[in-house]
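Here is a set of exercises to work through with the sequence and the model side by side. Try each task before you read its solution.

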Amino acid sequence: MSVFDGLKFRRVYSPIHNLDPRIKFIYVCAIFVIAIMFGELLPLIILFTFQIPFVLLAGVKREWIRSMRGAAFLATIIFLTNFVFAYLGARGIGQSLENAVAMTLRFIVLIESFSIFFLTTSPDHLGLALEQTHVPYEFTFAFTTAVRFVPVLAEEAQTIMDAQKARGLELERGNFLKRIRNYIPILIPLIVSAIRRSLELAEAMESRAWGATKKRTNLYVLKMHKGDFILIAITIGILAVAIYIRLYLPIPSINQLLANIN
Amino acid sequence: MAVIQTRNLTYMYPTATKPAIRDVSIKIEKGEFVLITGPSGCGKTTLCRCFNGLIPHFYQGEINGEITVAGLNILEHPTSELAKHVGLVFQNPENQLFALSVEKDVAFGLENLGYPREKMQKRVDWALNLTGIYELRERAPHELSGGQQQRVAIASVLAMQPEIMVLDEPTSFLDPLTAKKIFEVIYELNNTLGITVVLVEHRLDLTAQYSNHIIIMNQGKVVLDGEPREILSSKETRLIGVGIPKATRLYQILKEDDGVKLGKKIPLSSEEMTKLLREVIKT
């Protein structure tokens, strides 16, 4: 079941989890923009380390490291291509290296901020945020229901797999194509039961006055707390500083700094 | 006053060749605890779907005859409107809960009806307390046990404060002890709040004692309709294959084969039987 583990959500409480997802999203977008603004290594390093306290505060270190590890493969490719092309473009080895590291780090910063967002936002909250930003309720409902039924369907897939194996189905046999074909006897019952389930679900929704009024209300309402205002201030602050630096300050490269020291 | 009344109700599913229910004429009074039972495929579930307008609005198909629920003709009112009057609890608890927290699930109906937040919160807490799951309110429904899930399903229907609650085999996924507790919850709702309960069940051993009206169906028709003690002790009921409570059956055997009559009141549960036996032993 380890494949599906990542999709399960857990209810955790931390200062970061409690933040308004809308504000968190704005923050992530701001980081995104800043990362795009700078191609130099130094500011990207600062940006990367800047976010680590968020991870620690949210207590999602282990999950975060796992998602970073997941990005490692792509990061390596980015590093190698950048390095090779910069080097072929007749730049010095030091500079190409710095350039490649910067590009890789830019990618990592993007992954970092998005993973913080998704690791610390419960689907519940996310659905609520969507709803309150006037996304039609049908969509948000579809979203939260999908999240709700992932573990259920995963369990069902496991049951069907066991049942078919008990009847002699061998999943791990044959070449690549054969292996894919082996999964057909699992997929068909899974899809059929999912359709049946969705019908039952629709019935239950109807029975609970789905679509009774146009103006639907909500039990939960997102409210801005102190933390949200602090995050807004931080976001505006770093954005302003980043723009100022970009426009008015020269950014030294690491190579230059090293040369100055020597 | 009858809250549910049907006259010659006949219904056929769109893809079927013969009607699922035929000529059903029943009358359910306000505040009654009605048991509907009968062999599988006899049309119990279909009848339940008629009570809140899922048939014909959701299922389409061909419907004939008359049916009024809570004074409304179901053919003229959509399910979303009937939902305020009739709550329907389904067999599989897993497929009727869709939110990510219990509280939110219970509020679902009220949200759809557009209740203001404070009122909604009060109602939700009230329903959660009545079904004894208040402390589970922040949990995710899929983490709960079957019995707890079914309680959530009941609470979520209860929150809309319907006059009638229809429960379609709510305990078929549950073990006997959990089922017994669910029935006690349902009986409480009937007894203290006066909600009319229509319960479809096979486990008469656990439920017959609460009922004051029983309807037995077979092959799409209502075969017997009336007072539980009378109906459950009749020979016809046994021949259809209804799971008669063991206490009632014992009483019958003693009466028919041995000519022993234990008191006047036919027992519906082991408790009632014990009482009768104790009296006999004493004298």
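**Exercise 1.** Which elements of chain B are included in what covers the buried residues of α7(B)?

*Solution.* A word of care before starting: this is a predicted model.

Step 1. Find the residues to be covered. In α7(B), the buried ones are Ala179(B), Ile182(B), Phe183(B), Ile186(B) and Asn190(B).

Step 2. Look down the helix axis. The buried residues of α7(B) fall within an arc of 100 degrees, so they line one face of the helix.

Step 3. See what lies over them. The cover includes the strands β4 (33-37), β8 (164-168) and β9 (196-200) of chain B, together with the helices α6 (146-158) and α8 (204-207) of chain B.

Step 4. Turn to the other side of the helix. Leu177(B) and Thr192(B) are exposed there.

**Exercise 2.** Compare the reach of α7(B) with the expected value, then inspect the backbone just after the helix.

*Solution.* Step 1. Count and span: α7(B) has 18 residues, and 25 Å lie between its first C-alpha and its last.

Step 2. At 1.5 Å a residue, 26 Å is expected, and the span of α7(B) is close to that.

Step 3. Move on past the end of the helix. Gly194(B), just after α7(B), has a positive phi of about 70 degrees.

**Exercise 3.** Split chain B into its domains and describe how domain 1 of chain B meets domain 2 of chain B.

*Solution.* Step 1. Take the bounds from the domain assignment: domain 1 of chain B comprises 1-85 + 162-227, and domain 2 comprises 95-161.

Step 2. Locate the centres. Those of domain 1 of chain B and domain 2 of chain B are 23 Å apart, taken over C-alpha atoms.

Step 3. Count the residues in the contact between these two domains: domain 1 of chain B gives 12 and domain 2 of chain B gives 13.

Step 4. Ask which element contributes the largest share on the domain 1 side. Helix α7 (residues 176-193) of chain B does, with 5 residues.

Step 5. Sort that side by class. The domain 1 side has 9 nonpolar, 1 polar and 2 charged residues.

**Exercise 4.** Describe the side of chain B that touches chain A.

*Solution.* Step 1. Start with the totals: 36 residues of chain B and 28 residues of chain A take part in the contact.

Step 2. List the elements of chain B that give two or more residues to this side. They are α3 (79-82), α4 (102-113) and α5 (117-130).

Step 3. Pick out the largest share, which is the 8 residues from α4(B).

Step 4. Sort by class: the side of chain B that touches chain A has 16 nonpolar, 13 polar and 7 charged residues.

**Exercise 5.** Set the overall build of chain B beside that of chain A.

*Solution.* Step 1. Secondary structure: chain B has 12 helices and 11 strands, while chain A has 11 helices and 0 strands.

Step 2. Radius of gyration: for the 283 residues of chain B, a compact globule would be near 19 Å, and the 20 Å of chain B agrees. For the 262 residues of chain A, a compact globule would be near 18 Å, but chain A has 24 Å.

Step 3. Extent along the principal axes: the C-alpha trace spans about 65 × 45 × 35 Å in chain B and about 70 × 55 × 30 Å in chain A.

Step 4. Burial: buried residues are 48% of chain B and 22% of chain A.

Step 5. Domains of chain A: domain 1 takes in 15-121 + 224-261, and domain 2 takes in 126-207. The centres of these two domains, over C-alpha atoms, are 36 Å apart.

**Exercise 6.** Is Asn182(A) buried, exposed or partly exposed, and which residues beyond its neighbours within four places in sequence is Asn182(A) in contact with?

*Solution.* Step 1. Place the residue: Asn182(A) belongs to helix α8 (residues 176-182) of chain A.

Step 2. Use the neighbour count. Asn182(A) has 16 other C-beta atoms within 10 Å, so Asn182(A) is partly exposed.

Step 3. Set aside the neighbours within four places in sequence. Asn182(A) is then in contact with Leu169(A), Glu170(A), Leu171(A), Arg173(A) and Gly174(A).

Step 4. Look at one of these pairs. Leu171(A) and Asn182(A) are 11 residues apart in sequence, and their C-alpha atoms are 5.6 Å apart.

Key. Residues are numbered from 1 along each chain as its sequence is written. Chains are lettered from A and ligands numbered from 1 in the order in which they are written. This is a predicted model: local features need pLDDT of at least 70, side-chain atom pairs count only at pLDDT 80 or more; totals for chains, interfaces and linings use all residues. Domain bounds come from an automatic or database domain assignment. Two residues are in contact if their C-beta atoms, placed from the backbone, lie within 7 Å. Helices (H or I, at least four residues) and strands (E, at least two) are DSSP runs, numbered from the N terminus. Ala, Val, Leu, Ile, Met, Phe, Trp, Tyr, Cys and Pro count as nonpolar, Asp, Glu, Lys and Arg as charged, and the others, Gly among them, as polar. The expected span of a helix is 1.5 Å times one less than its number of residues. A residue is buried if 20 or more other C-beta atoms lie within 10 Å of its own, exposed if 12 or fewer, and partly exposed in between; C-beta atoms are placed from the backbone. The arc is that of the directions from the helix axis to the C-beta atoms. The radius of gyration is taken over C-alpha atoms; the globule rule is 2.2 Å times the number of residues to the power 0.38.
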